[in-house]
Amino acid sequence: MNEKVEAPEVKNARPYDVAPPEQFTEFMRTGWAPSDLEGLQPLEVVTYAFTRRQVLSEAFPNIRLVIPSGNHKTRSNDTEYVYRPHSAFAYYSGVQGADAVADSVLILEPKAEGGHDAYLYLHPRSTRETDAFYTDRKYGELWVGRHFTLEEAATVYQIETRNVDNIEGLLRFSKETLLIRGEDALMDKLISVHAREAEFQTFTSEQRLIKDEYEVGQLQAAVDSTGRGFSDVIAAMPAAADHHRGERIVEGAFFGRARLEGNDIGYTTIAAAGSHACVLHWIRNDGAVRNGELLLLDAGVEMDSYYTADITRTLPVNGKFTPAQRALYMLVYEAQLAGFAAVKPGVKFLEINRAAQRVLAQGLADMGVLTVSAEESMKPEVGLHRRWTLHGVSHHLGLDVHDCEHARQDMYRDGVLQEGMVLTVEPGLYIQPDDELFAPEYRGIGIRIEDDVIVTADGCRNLSEDIPRHPDAIEAWMASILG
């Protein structure tokens with residue numbers, strides 16, 4: 001007589017889910033062929049991730065360090081946004097792309113002899129001898145796809161792996177612990193707040209200010225893919241111009257490239273046509289794309305490594321700039337050249353902004369719209385030219401589109417540029433459609449030119465140099481695609 005099989009407990013069930021009957025449960029445990037992954041190799045990033053962990057370990061000796069990947073984020077009721085782990089977790093673990101599993105935790109456990117051991121706690125594959133593979137809608141393989149087994153994950157990431165269901169067993173042994181808080185509800189509950197948590201988070205942000213060789217390669221790949229996405233948008237421009245919500249066609253064209261070649265878009269695409277370009281963060285993307293107007297496209301592909309590009313091009317919908325559009329565009333173009341020239345080691349970060357703003361202020365004065373001189377307007381207590389150029393022209397770029405957010409002000413905003421930093425240079429001019437200080441032909445025009453540069457020993461290298469910027473090059477680029 002067969003031993004009675006208990007119906008499985010349904011993990012992560014919805015209110016209307018029904019537990020499967022015993023006979024079905026027994027049937028589901030039989031008849032499966034082996035399906036182990038063969039030929040797995042360590043990822044390219046693992047040696048870099050190991051070095052990063054060593055730096056972190058040396059900065060915080062004799063203290064446990066806990067870096068969660070983060071929980072799922074609810075979009076609506078029981079549906080979640082596409083999962084993307086916390087950037088610090090990705091940076092130190094090397095976990096990438098669709099292989100990231102919510103609720104994973106990287107722990108650096110201090111050793112008596114100094115240094116730390118690294119443990120990667122995760123939800124492993126729900127293999128066929130378990131019931132979770134078809135009952136657990138949050139992690140089960142039938143529901144969300146295959147995860148690595150613990151052994152497979154250890155091979156790929158070169159870190160000792162453990163089942164996250166057992167993490168409380170480690171944390172039960174109380175010791176001084178630092179946590180990146182606010183990402184994992186269970187970790188927040190289990191680990192007491194420590195006075196050095198802010199210092200810990202700041203360090204994990206500042207360590208990313210200087211990019212290693214792997215990061216630069218990934219950023220270049222993201223930029224190159226983004227350039228192809230911009231070409232896709234140009235090819236879709238006629239269709240966009242024929243639809244009353246053409247901005248959505250633009251957005252969709254770029255998104256297709258991001259999903260084809262990368263993990264996702266690095267941030268919500270700005271597809272701003274006509275006067276929508278005067279809204280700095282226009283992400284509704286529901287307007288018309290009209291011939292004779294400009295399209296401001298601010299978009300970036302995020303690679304499977306989570307490194308993202310951040311590029312803006314302003315394109316004439318019909319492939320040709322009008323004289324007024326070209327005049328404003330060239331002013332922004334010259335401001336960007338000044339910004340590029342300011343980027344070099346030893347220069348203050350804010351000088352990039354000042355260099356570009358000086359050009360913009362002088363150009364606006366020359367056009368007769370400033371009521372003071374460009375020199376007077378550049379004074380912090382005056383700044384009248386900022387009416388048409390409100391945002392700064394640079395930020396750090398990397399795993400996050402605005403990278404290193406928790407760095408101290410004296411290391412970022414008031415800091416000094418160092419070789420290996422990756423930054424944007426993105427001046428812009430925005431003439432609101434009701435701005436009577438400008439002649440009618442200029443009103444409703446928004447222009448931004450944004451490129452991604454790496455600080456080199458004697459200046460900077462533009463990672464996005466191959467994406468046309470000059471208006472003549474843009475017109476030729478569009479003609480080559482549209483005919």
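**Entry 1: Asp103**

I started with Asp103 and asked whether it is buried or exposed. Its relative accessibility is 12%, and buried means under 20%, so Asp103 counts as buried. I kept in mind that this is a predicted model. Next I looked up where Asp103 sits: it lies in the loop between helix 3 (87-93) and strand 4 (105-110). Its backbone caught my eye too, since phi is positive, about 75°, although Asp103 is not a glycine.

**Entry 2: Cys404**

I then turned to another residue with a positive phi. Cys404 is not a glycine either, and its phi is near 60°. I found Cys404 in the loop between helix 14 (374-377) and strand 13. Is Cys404 buried or exposed? With a relative accessible area of 0%, Cys404 is buried.

**Entry 3: Thr161**

From loops I moved to a strand residue. Thr161 belongs to strand 6 (residues 160-163). I noted a relative accessibility of 12% for Thr161, which means that this residue counts as buried. What does Thr161 touch, leaving aside residues up to four places away in sequence? I listed Leu120, Leu150, Glu151, Ala153 and Ala154. For Leu150 I could add a polar detail: its backbone oxygen lies 2.6 Å from a polar atom of the Thr161 side chain.

**Entry 4: Strand 12 and its partner**

I went along strand 12 (residues 311-316) and found six of its six residues buried. Which residues lie on each face of strand 12? I put Ile311, Arg313 and Leu315 on one side, and Thr312, Thr314 and Pro316 on the other; both faces are covered. Strand 12 pairs with strand 10 (residues 294-299) in the antiparallel sense, over six bridges. To find my place in this pair I used Ala299, which stands opposite Ile311 of strand 12.

**Entry 5: A three-stranded sheet**

I reminded myself that strands of a sheet pair through backbone hydrogen bonds, either parallel or antiparallel. Here I traced an open sheet of three strands in the order 13-16-17, with antiparallel pairing. Strand 13 (422-425) and strand 17 (459-462) are the edge strands, each pairing on one side only. From one strand to the next, the twist averages 40°. I also looked at strand 16 (residues 451-456) with strand 17: they are joined by four bridges in the antiparallel sense. In that pair, Thr456 stands opposite Gly459 of strand 17.

**Entry 6: Helix 2 with helix 9**

Now for some helices. I found that the axes of helix 2 (residues 46-59) and helix 9 (residues 197-206) come within 11 Å and cross at roughly 150°. The crossing is right-handed. Which residues meet there? Val55, Leu56 and Ala59 from helix 2 meet Phe200, Phe203 and Thr204 from helix 9. By class I noted five nonpolar residues, one polar and no charged ones in this contact.

**Entry 7: Helix 10 with helix 15**

My last stop was helix 10 (residues 213-241) and helix 15 (residues 471-482), which pack at an angle of about 65° with their axes 9 Å apart. Helix 10 passes helix 15 in a right-handed crossing. On the helix 10 side I wrote down Gly227, Phe230, Ser231, Ile234, Ala235, Met237 and Pro238. Helix 15 meets them with Trp477, Met478, Ile481 and Leu482. I sorted the residues of this contact into nine nonpolar, two polar and no charged.

Definitions and conventions:
Residues are numbered from 1 along each chain as its sequence is written. This is a predicted model: local features need pLDDT of at least 70, side-chain atom pairs count only at pLDDT 80 or more; totals for chains, interfaces and linings use all residues. Side-chain values use heavy atoms; hydrogens and water are left out. Buried means under 20% relative accessible area, exposed over 50%, partly exposed in between (1.4 Å probe, protein chains only). Helices (H or I, at least four residues) and strands (E, at least two) are DSSP runs, numbered from the N terminus. Two strands pair if DSSP finds at least two bridges between them. Axes are lines fitted to C-alpha atoms, for helices over the stretch in contact, and angles run from 0 to 180 degrees between N-to-C directions. A crossing is left-handed if the near helix is turned anticlockwise from the far one by less than a right angle, and right-handed if clockwise. Contact means heavy atoms within 4.5 Å. Ala, Val, Leu, Ile, Met, Phe, Trp, Tyr, Cys and Pro count as nonpolar, Asp, Glu, Lys and Arg as charged, and the others, Gly among them, as polar. A polar contact is a pair of N or O atoms within 3.5 Å; within protein, one must be able to donate a hydrogen and the other to accept it, and residues adjacent in sequence count only if both atoms are side-chain atoms.
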